[in-house]
Amino acid sequence: DHSIVVNRIRNTYFCKQTGERGTLFDFVKNRVREFPSWKPCTGQNTDTILAETKYVLDDYLGQDSSQRLSAALPVTPTLRSFSLADYEIYFPHPEKAGRQQFLLEKRRLDVETVKRFLEVKAIAHVKEKGKEYAYSNYGFPMRIPGSEKIVNFELRNYNSKKGLSFKGFCPGGNKSEALWMALFAPAQEITDVFVFESAIDAMSFYEMTVHHQKMAFISCGGYMTFGGISKLPELFPNAQFHSCCDNDTAGKLYDIMLAYYLQGIKVQAYETETKPTEGRKEKIIYISPSEGNM
């Protein structure tokens, strides 16, 4: 139900409803997980989403076209650097939990749940400075395990007038090592760690489970990466880990990757589709350990 205007001379696009604009690469990158050929990238890329986007484009363009266009689509493009100084960041007081409309009305979280996560400063309001029409989004601070420094935000919001949801990250923010973490006890005392694909998933689960004071909730922001997950056992030496990823193919692949990463083993796990044979499509799951790890 969105109108996309394509400028064939400049090879760019523009969405009338959302204001989204960019190149073909941007269009695919912004919705990369919606493509059938998407697979999670677990290599040592500075930004995994860029490698995943290139994989989707390579699949559509074909090997010959991909080689011809490789010079125009660099594997490691120049990225904007992330700095907290570029944002207005506000951590609401727990007593203001009842004013967090997006979390309460759109995501249907209980006010006591929101209050609990505000108490451990796991929810912020984030707005980019110096940008005309910048929105204040809900930001879930992401840190490299073992460090207190915020190096990214998992961003969420909803535009009620346009009926559109928004999710993303801060440009240039660290996604290869950073995780959102909500700890309800010192790390050394944590007995149970629950790993999710998003911070809101984690809060929803918290609302449904039996609470105790030695729990930690982790979000990988939709990208299961070795850099962050592999650091968790050292941070939580007395904890049992629980995978709470989505009940779809990507989530099940993340279950596999999480189990390996917690052991310090790098793997790639992804699904591919074969070409239709006699009206049938077969899906194949690949689990590929890095050389020397197994």
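Is E95 buried or exposed? In this predicted model, E95 is exposed, with a relative accessible area of 59%. I begin with this residue since it takes part in a salt bridge, and salt bridges are my topic today.

The model contains five salt bridges, and I shall discuss three pairs among them.

Let me stay with E95. Its partner is K115, and their closest N and O atoms lie 3.5 Å apart. This pair joins distant parts of the chain, 20 residues apart. K115 belongs to helix α4, residues 111-119, whereas E95 sits in the loop between β4 (87-90) and α3 (101-106). As for exposure, K115 is partly exposed, at a relative accessible area of 22%. An area under 20% would have counted as buried, so at 22% K115 falls outside that class. E95, at 59%, is above the cut-off of 50% and therefore counts as exposed.

I turn now to the pair E119 and R116. Here the salt bridge has its closest N and O atoms 3.0 Å apart. Both residues are in helix α4, and because they are three residues apart there, about one helical turn separates them. E119 is partly exposed, with a relative accessible area of 41%.

The last pair for today is E154 and R156. Their side chains form a salt bridge with an N to O distance of 3.3 Å. Which of the classes, buried or exposed, applies to E154 and R156? Both E154 and R156 are buried.

To summarise, the pair K115 and E95 links distant parts of the chain, E119 and R116 pair within helix α4, and E154 and R156 form a salt bridge between buried residues.

Conventions. Residues are numbered from 1 along each chain as its sequence is written. This is a predicted model: local features need pLDDT of at least 70, side-chain atom pairs count only at pLDDT 80 or more; totals for chains, interfaces and linings use all residues. Side-chain values use heavy atoms; hydrogens and water are left out. A salt bridge is a side-chain nitrogen of Lys or Arg within 4 Å of a carboxyl oxygen of Asp or Glu. Helices (H or I, at least four residues) and strands (E, at least two) are DSSP runs, numbered from the N terminus. Buried means under 20% relative accessible area, exposed over 50%, partly exposed in between (1.4 Å probe, protein chains only).
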